[in-house]
Amino acid sequence: MRVATVNIASGRDRRGRSADAAGLAAAVAGLTVDVLSVQELDIGQPRSHVDQPAVLAAAFGASAWRDVATVAGTPDPSASWRPLVPPTLRGPDDDRSGPRYGIGLFCRRPVRRWHVLGLPPGRARLPVPGPRTQEPRVVWFPDEPRAAVAAELDGLTVVGTHLSFAPHTAIAQLRRVRAWAARLPGPVLLAGDLNLAGPPAALVARGSRLVRGPTFPADRPRLQVDHLLALGRLSGRDPEIRALAIGDHRAVAVTVQRRGS
């Protein structure tokens with residue numbers, strides 16, 4: 001089974017322009033995988049104008065999919081949004097509209113059962129460039145709640161997530177995901193933007209990295225924060241790190257199988 005993960009940054013390209021439905025579909029057209037974990041998805045946002053999970057599901061040919069919204073409103077430094085606690089799980093038969101924001105998991109294979117885990121935010125704030133004025137300035141972006149979503153497949157459970165930008169919070173969240181995943185049918189593959197660079201992610205998760213190489217930033221990657229971690233008896237082959245037309249991270253893919261099979 002081939003699995004990929006990518007942070008699409010709400011469908012924005014390198015210049016910050018939001019892709020329309022056709023551009024979003026074209027960006028994932030070359031990902032020939034069975035399961036796709038996606039982070040930073042917009043649902044009915046004024047900045048992107050489309051229901052990104054629905055567009056991706058159609059373009060990807062997902063027979064089963066879920067998006068998990070953790071924020072109602074538009075994430076921005078002014079905190080004009082509100083957290084969704086617990087996070088909302090939506091599939092193809094749910095017509096809830098936005099604006100909302102979160103993660104998604106898209107499967108071309110049948111899913112036996114879905115699970116979702118809410119992850120509380122930390123207190124840290126991220127400095128980001130503020131409005132262009134005569135004086136250079138930054139604004140402080142508050143952390144938002146996070147989530148993990150799991151799809152039980154035949155012989156494998158895939159968990160998709162996007163963890164906090166604050167390393168100490170991301171570590172605490174990853175420990176919670178690890179404990180939660182241990183109660184799901186194994187083996188488990190953890191796929192997502194963990195905001196933890198390199199080996200520490202695998203050490204905290206008590207798993208193994210199936211793909212190694214820098215993924216961020218997409219144009220000149222220096223860090224690997226996007227991971228496919230085996231939590232159980234899984235091996236990987238044909239690893240791939242690929243730049244897409246959208247997002248500020250590179251997509252990561254691998255073919256997994258049970259060890260010994």
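## Contacts, cores and salt bridges in a predicted model

Leaving out residues up to four places away in sequence, Arg82 touches Thr70, Val71 and Ala72. The structure described here is a predicted model. Arg82 is found in strand β4, and its relative accessible area of 52% makes the residue exposed. Computed along the chain, Arg82 and Glu144 are 62 residues apart, while their C-alpha atoms are 8.8 Å apart in space.

**Salt bridges**

Glu144 also takes part in a salt bridge, and its partner is Arg146. How many salt bridges are there by the rule used here? The count comes to 12. Three of them are set out below.

| Salt bridge | N to O distance | Accessibility of the residues |
|---|---|---|
| Arg47 and Asp42 | 2.9 Å | Arg47 partly exposed, 27%; Asp42 buried, 0% |
| Glu144 and Arg146 | 3.7 Å | Glu144 buried, Arg146 buried |
| Glu240 and Arg242 | 2.9 Å | Glu240 partly exposed, 26%; Arg242 partly exposed, 27% |

In the bridge between Arg47 and Asp42, the two ends are placed unlike each other in the model: Arg47 is partly exposed at 27% relative accessibility, whereas Asp42 is buried at 0%. Glu240 and Arg242 belong to a network of salt bridges that also includes Arg2.**Aromatic rings**

A search of the whole structure finds 1 aromatic pair. Trp65 and Phe106 make up this pair, with their rings stacked at 6.1 Å centre to centre and 20° between the planes. The angle counts as stacked because it falls under 30 degrees. Which parts of the chain does the pair link? Trp65 belongs to strand β3 (residues 64-72) and Phe106 to strand β5 (residues 100-107), so the pair joins distant parts of the chain, 41 residues apart. Trp65 is buried, with 7% relative accessibility, and Phe106 is buried as well, at 0%.

Another ring, that of Phe60, has a charge over it: the charged end of Arg108 sits 4.0 Å from the ring centre.

**Helix α2**

Phe60 is one of the buried residues of helix α2 (residues 52-60), together with Gln52, Pro53, Val55, Leu56 and Ala57. What do the buried residues of α2 pack against? Their packing partners are α1 (21-28) and the strands β2 (35-43), β3, β4 (82-90) and β5. After α2 comes Gly61, which has a positive phi, near 75°.

**Nonpolar cores**

The largest nonpolar core has 26 residues. Within this core, the residues with the most contacts are Val3, Val35, Trp114, Leu189, Leu228 and Val256. At least two residues of the core come from each of β3, β5, β9 (146-153), β10 (156-162), β11 (188-193), β13 (226-231) and β15 (251-258). Which strand gives the most to this core? That strand is β9, with 4 residues.

Leu189 shows how one member of this core is surrounded. Setting aside neighbours within four places in sequence, the contacts of Leu189 are Val3, Leu156, Thr157, Val158, Val159, Leu210, Leu228, Leu229, Ala230, Leu234 and Val256. Apart from the largest core lies another one, of 24 residues, including Val6, Val38, Val50 and Ala57. Ala57 is also among the buried residues of α2.

**The six-stranded sheet**

An open sheet of 6 strands runs in the order β6-β9-β10-β11-β13-β12, and its pairing is mixed. Which strands stand at the edges? They are β6 (113-119) and β12 (208-209); each has a single partner strand, so one side of each is left without a neighbour in the sheet. Inside the order, β10 and β11 run parallel and are joined by 6 bridges. Val158 stands opposite Leu189 of β11, and Val158 is also among the contacts of Leu189. Strands of a sheet pair through backbone hydrogen bonds, in either parallel or antiparallel fashion.

The sheet and the largest core share strands: β9, β10, β11 and β13 are in the sheet order, and each of them supplies at least two residues to that core.

Definitions and conventions: Residues are numbered from 1 along each chain as its sequence is written. This is a predicted model: local features need pLDDT of at least 70, side-chain atom pairs count only at pLDDT 80 or more; totals for chains, interfaces and linings use all residues. Side-chain values use heavy atoms; hydrogens and water are left out. Rings of Phe, Tyr and Trp (its six-membered ring) pair if their centres lie within 6.5 Å; planes under 30 degrees apart count as stacked, over 60 as edge-to-face and the rest as tilted. Buried means under 20% relative accessible area, exposed over 50%, partly exposed in between (1.4 Å probe, protein chains only). A charge sits over a ring if NZ of Lys or CZ of Arg is within 6 Å of the ring centre and within 35 degrees of the ring normal. A salt bridge is a side-chain nitrogen of Lys or Arg within 4 Å of a carboxyl oxygen of Asp or Glu. A nonpolar core is a set of buried Ala, Val, Leu, Ile, Met, Phe, Trp, Tyr and Cys residues joined through side-chain atoms within 4.5 Å. Contact means heavy atoms within 4.5 Å. Two strands pair if DSSP finds at least two bridges between them.
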